[in-house]
Amino acid sequence: MQRTIVNPLYRDTVTFLETASEADHQYSLMELTLMPGGGNPPHYHTAFAEKFTAVDGTLGLQLRDRKVFLRPGEDYLVPAGTVHNFFNPGKTEIRFHVKFKPGHEGMENTLRIAYGLATDGLTDSRGLPRSILVAALILEMSNSYPTGAMTVLRPLLPFLARRARKKGIEQMLINKYCK
């Protein structure tokens, strides 16, 4: 299994420092690099908290209606259920750590799958899977819930994810990108 994955759309990387299985499911620890202007959309998780620690450069966090900027060595804990996203507000690549507590293999697998799909050209320009079944499946796997206009899809996600599993899509994605 690859320790470092690259998203060719954003030219960012994730390095798995300690996976949930290696940390007895107490946590998952990753190091990310993020290009200028890069980031992810607002979302929240109910199964784990996220601790962000800036390593090199300034890391931006959007927390509902408030922004937090972390300098190297500073960290911030985002409790489960809190809408958030991260971004690079600067003009150079940044590096930071993200720790999920407790560990979350589904989120680890989702990152591997999403980066693999982007590498294989199976996403749109924003990195979203072209298949709604795949999108629903990885949102459920990662315990990630979108906000804003995407919330209208939330009631459909469990149904679509079940359908994807019945079609064998989950196992195919895990076999291709997570082993």
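**Why the labels fit: helices, a sheet and one asparagine**

Mentor: Helices H1 and H4 are roughly perpendicular to each other. Keep in mind that this is a predicted model, where local features need pLDDT of at least 70, side-chain atom pairs count only at pLDDT 80 or more, and totals for chains, interfaces and linings use all residues. Residues are numbered from 1 along each chain as its sequence is written, and side-chain values use heavy atoms, with hydrogens and water left out.

Trainee: Happy to start there! Why are H1 and H4 called roughly perpendicular?

Mentor: H1 (residues 105-119) and H4 (residues 169-177) pack at about 80 degrees, their axes 9 Å apart. Angles of 65 to 115 degrees count as roughly perpendicular (under 35 is roughly parallel, over 145 roughly antiparallel, the rest oblique), so the label fits H1 and H4.

Trainee: Which residues make that contact?

Mentor: Arg-112, Ile-113, Gly-116 and Leu-117 come from H1, while Leu-173, Ile-174 and Tyr-177 come from H4. Contact here means heavy atoms within 4.5 Å. By class, the residues divide into 5 nonpolar, 1 polar and 1 charged.

Trainee: Good. What makes Asn-88 count as buried?

Mentor: Buried means under 20% relative accessible area (exposed is over 50%, partly exposed in between, with a 1.4 Å probe and protein chains only). Asn-88 has 3% relative accessibility, and therefore counts as buried. Its place is in the loop between strand E9 (84-87) and E10.

Trainee: Which backbone oxygens does the side chain of Asn-88 reach?

Mentor: That of Leu-34, at 2.9 Å, and that of Thr-92, also at 2.9 Å. A polar contact is a pair of N or O atoms within 3.5 Å; within protein, one must be able to donate a hydrogen and the other to accept it, and residues adjacent in sequence count only if both atoms are side-chain atoms. Beyond four places in sequence, Asn-88 is in contact with residues including Met-35, Pro-36, Thr-58 and Ile-94.

Trainee: How do you know that E5 and E10 pair?

Mentor: Two strands pair if DSSP finds at least two bridges between them. E5 (residues 49-56) and E10 (residues 94-101) have 7, in the antiparallel sense, and Ala-49 stands opposite Lys-101. E5 is also joined to E8 (residues 75-78) by 4 antiparallel bridges, with Thr-53 opposite Asp-75.

Trainee: And what makes E1 and E8 edge strands?

Mentor: The open sheet of 6 strands runs E1-E2-E3-E10-E5-E8, with antiparallel pairing. E1 (4-7) and E8 each have a single partner strand, so one side of each is left without a neighbour in the sheet. The twist averages 20 degrees from one strand to the next.

Notes
Helix = DSSP H or I, 4+ residues; strand = E, 2+ residues; numbered from the N terminus. Axes fitted to C-alpha atoms, helices over the stretch in contact; angles between N-to-C directions. Nonpolar A, V, L, I, M, F, W, Y, C, P; charged D, E, K, R; others polar.
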